[in-house]
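Visitor: I am new to this structure and would like a close look at one part of it. Please start there and then show me how other parts are put together.

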Amino acid sequence: MKYILVTGGVISGIGKGIIASSVGTILKSCGLHVTAIKIDPYINIDAGTFSPYEHGEVFVLDDGGEVDLDLGNYERFLDIRLTKNNNLTTGKIYQSVINKERKGDYLGKTVQVVPHITDAIQEWVMKQARVSVDDDDIEPEVCVIEVTGSVLNFVNLNPINLFACLCFILLRWHFSQVVCSLLGIKKKHGEFPSSSEHTVVLELASHVQLIIGSSCIIIMCRCSSPLETVVKEKISMFCHVEPSQVICVQDVSSIYRVPLLLEEQGVVNYFCNRLNMSVKMSPRKMLTKWKEMADRSDRLLEHVTIALVGKYTKLADSYTSVIKALEHSALAINHKLEVKYIDSEDLEPTTLGVEPVKYHEAWQKLCSSQGVLVPGGFGARGTEGKMLAINWARKQNKPYLGVCLGMQLAVCEFARNVLGWKDANSTEFNPESKYPVVIEMPEHNPGQMGGTMRLGKRRTVFKSDTSVMKKLYGNVDFIDERHRHRFEVNPALKDYFVKHGLQFVGQDVQGERMEIVELEDHCYFVGVQYHPEFTSRPIKPSPPYFGLLLAAAGKLQSYLSKGCQLSPRDMYCCSSSGSSSPEPDITELKFP
């Protein structure tokens with residue numbers, strides 16, 4: 001087993017997740033089996049109780065693990081399935097050590113940070129690194145480990161120091177480290193423009209030397225433009241590494257270009273030599289699909305606009321997987337995605353306290369969009385605005401996709417405005433509602449918040465052969481998707497909706513939970529209780545999102561009439577304005 005540790009430089013938030021994912025991608029392109037682990041310093045057991053404004057979205061895994069959003073990057077880039085143990089937190093480690101102490105596993109010893117906590121982290125990492133992440137059940141050969149935050153952040157020193165020990169345990173040819181650092185260099189005759197840049201590199205250099213040493217370090221410099229040779233040489237001198245160990249990761253047009261950027265600068269050769277690995281195939285050949293995606297993304301001329309109506313729109317990371325799923329689908333239909341973020345509270349009438357300017361701007365954004373998406377969320381704030389957006393999409397025959405809460409609110413809106421149940425609501429927002437359209441699940445434990453929802457991969461069975469969603473999924477009888485919710489559509493009221501055209505085309509195995517809802521006589525009005533964005537991949541877009549983009553671009557009926565078998569070339573030909581966009585290079589792309 002080979003280990004590659006990815007840490008930050010002097011600040012956090014510089015893209016370590018994308019760099020770690022890209023390193024794994026280029027190694028996997030060589031035929032190696034790769035896994036990934038994320039280490040977070042916070043005391044929380046997992047990310048499940050975080051506000052989206054704290055760390056962005058909560059990513060959900062097949063086993064129900066609520067983890068950091070970077071694990072979503074790993075899964076999308078590497079096309080693997082991780083488990084909750086691939087996200088290691090201080091809380092998890094301390095909990096496991098305390099549990100062992102309570103059971104007497106330490107035989108009366110005084111339990112301390114060193115060696116018990118540090119040993120527990122090493123044991124956890126070395127055990128989890130060997131867990132298969134592919135369908136072929138083969139043990140991984142390389143484990144990419146990302147430590148969150150900055151290496152100069154005190155809370156992160158323990159895990160990095162213990163990996164220094166791990167380096168000696170594993171011997172030099174099993175361990176390497178990637179240090180990511182932000183260099184705000186402005187071109188000025190190839191020189192550092194001020195002493196501040198010297199400070200950045202010197203601080204980085206001192207930490208590199210103190211922790212592990214330069215022999216196994218590769219430095220990845222985040223910057224706005226490519227580094228001059230003289231700058232690389234200066235970094236090399238201060239950090240005591242070879243110039244070949246200084247890699248420039250400049251801003252690029254698409255994240256699909258990051259693996260290509262690393263491969264072009266010899267990162268594969270460095271790791272193969274450093275870790276004594278032999279590649280099984282040419283990475284350049286295997287990265288062809290990434291170059292094709294990047295080239296196509298840069299050449300797209302047609303646009304498709306989607307209104308994302310949510311309550312966490314001030315931070316894009318709150319909806320990372322949703323945006324990625326939209327991007328994957330937009331790329332598949334050869335359109336450039338434009339997302340219009342709308343705070344759902346701004347759609348509510350000005351009599352409720354919304355500023356008139358924000359109110360009119362929000363409605364202008366909604367009315368000028370080609371499709372509407374209402375993602376998941378919690379709490380009553382902004383729900384009335386979301387239902388107003390759903391009502392508009394339903395009446396105006398605009399493509400609509402509701403995910404989790406977005407599905408539940410679509411049912412509530414239908415109950416209010418079609419069935420005439422003016423008091424219809426979710427018991428999450430109004431426990432005394434006369435028409436409890438959405439109710440709490442029986443197994444929910446109200447005693448605590450963390451880990452008490454219906455989480456992870458669950459099966460949905462299609463109940464209709466004419467369902468649009470069944471066709472988009474390839475006419476399969478059932479699907480497995482990831483869930484994260486405490487409330488569900490009230491099954492006792494199902495027949496009232498069906499009589500008026502709102503069909504529950506997907507249900508759980510027992511037929512007790514409503515999983516997919518579709519509206520008859522509408523271009524595309526779909527709600528799903530699960531979160532399909534978590535399993536979307538760049539070349540395998542999620543069917544619900546793919547259907548939304550197809551409908552928004554006016555291509556859904558052509559796609560369905562062809563049996564959902566159109567290639568990108570066919571998609572281009574059936575576009576009403578295809579003459580304005582260059583024809584894609586690739587001739588085949590598989591859709592689910």
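Guide: Helices (H or I, at least four residues) and strands (E, at least two) are DSSP runs, numbered from the N terminus. This is a predicted model, where local features need pLDDT of at least 70, side-chain atom pairs count only at pLDDT 80 or more, and totals for chains, interfaces and linings use all residues. Residues are numbered from 1 along each chain as its sequence is written, and side-chain values use heavy atoms, with hydrogens and water left out.

Let us begin at helix α9, which spans residues 257-264. Of its 8 residues, 6 are buried (under 20% relative accessible area, with exposed over 50%, partly exposed in between, and a 1.4 Å probe on protein chains only). The rest of the structure therefore largely encloses α9. Its buried residues are Val258, Pro259, Leu260, Leu261, Leu262 and Glu263. Just after this helix comes Gly266, with a positive phi of about 80°.

Now look at the loop between β9 (246-250) and α9, where you will find Tyr256. The partner of Tyr256 is Trp290, and together they make a tilted aromatic pair, 5.9 Å centre to centre with 55° between the planes. Rings of Phe, Tyr and Trp (its six-membered ring) pair if their centres lie within 6.5 Å; planes under 30 degrees apart are stacked, over 60 edge-to-face, the rest tilted. Trp290 sits in helix α12 (residues 288-299), so this pair ties together parts that are 34 residues apart in sequence. Both Tyr256 and Trp290 are buried.

That pair has company: the model holds 15 aromatic pairs. One of them joins Phe59 and Phe534 edge-to-face, at 4.9 Å centre to centre and 70° between the planes. Phe59 belongs to strand β3 (residues 59-60), while Phe534 is in the loop between β21 and α19 (543-552), so here the parts tied together are 475 residues apart in sequence. Phe59 and Phe534 are both buried. Elsewhere, Phe414, Trp421, Tyr435, Tyr496, Phe497 and Phe504 form one aromatic cluster.

A good companion to α9 is helix α3 (residues 70-78), where 9 of the 9 residues are buried. They run from Asp70, Leu71 and Gly72 through Asn73, Tyr74 and Glu75 to Arg76, Phe77 and Leu78. Here too a positive phi follows just after the helix, at Asp79, with a value of about 55°.

Next, the sheet. It is open and mixed, with 9 strands in the order β11-β10-β12-β13-β21-β20-β19-β16-β17; two strands pair if DSSP finds at least two bridges between them. At the edges are β11 (336-343) and β17 (478-485), each pairing on one side only. From one strand to the next, the twist averages 25°. Inside the sheet, β20 (residues 514-519) and β21 (residues 525-528) run antiparallel and are joined by 3 bridges. In this stretch, Val517 stands opposite Gly527 in β21.

Helix α13 (residues 320-332) lies across β10 (303-310), β11 and β12 (371-374), at about 150° to β11. Axes are lines fitted to C-alpha atoms, for helices over the stretch in contact, with angles from 0 to 180 degrees between N-to-C directions.

Lastly, the axes of helices α14 (residues 356-367) and α15 (residues 383-395) come within 11 Å and cross at roughly 35°. Their contact (heavy atoms within 4.5 Å) involves Trp363, Leu366 and Cys367 from α14, with Leu388, Ala389 and Trp392 from α15.
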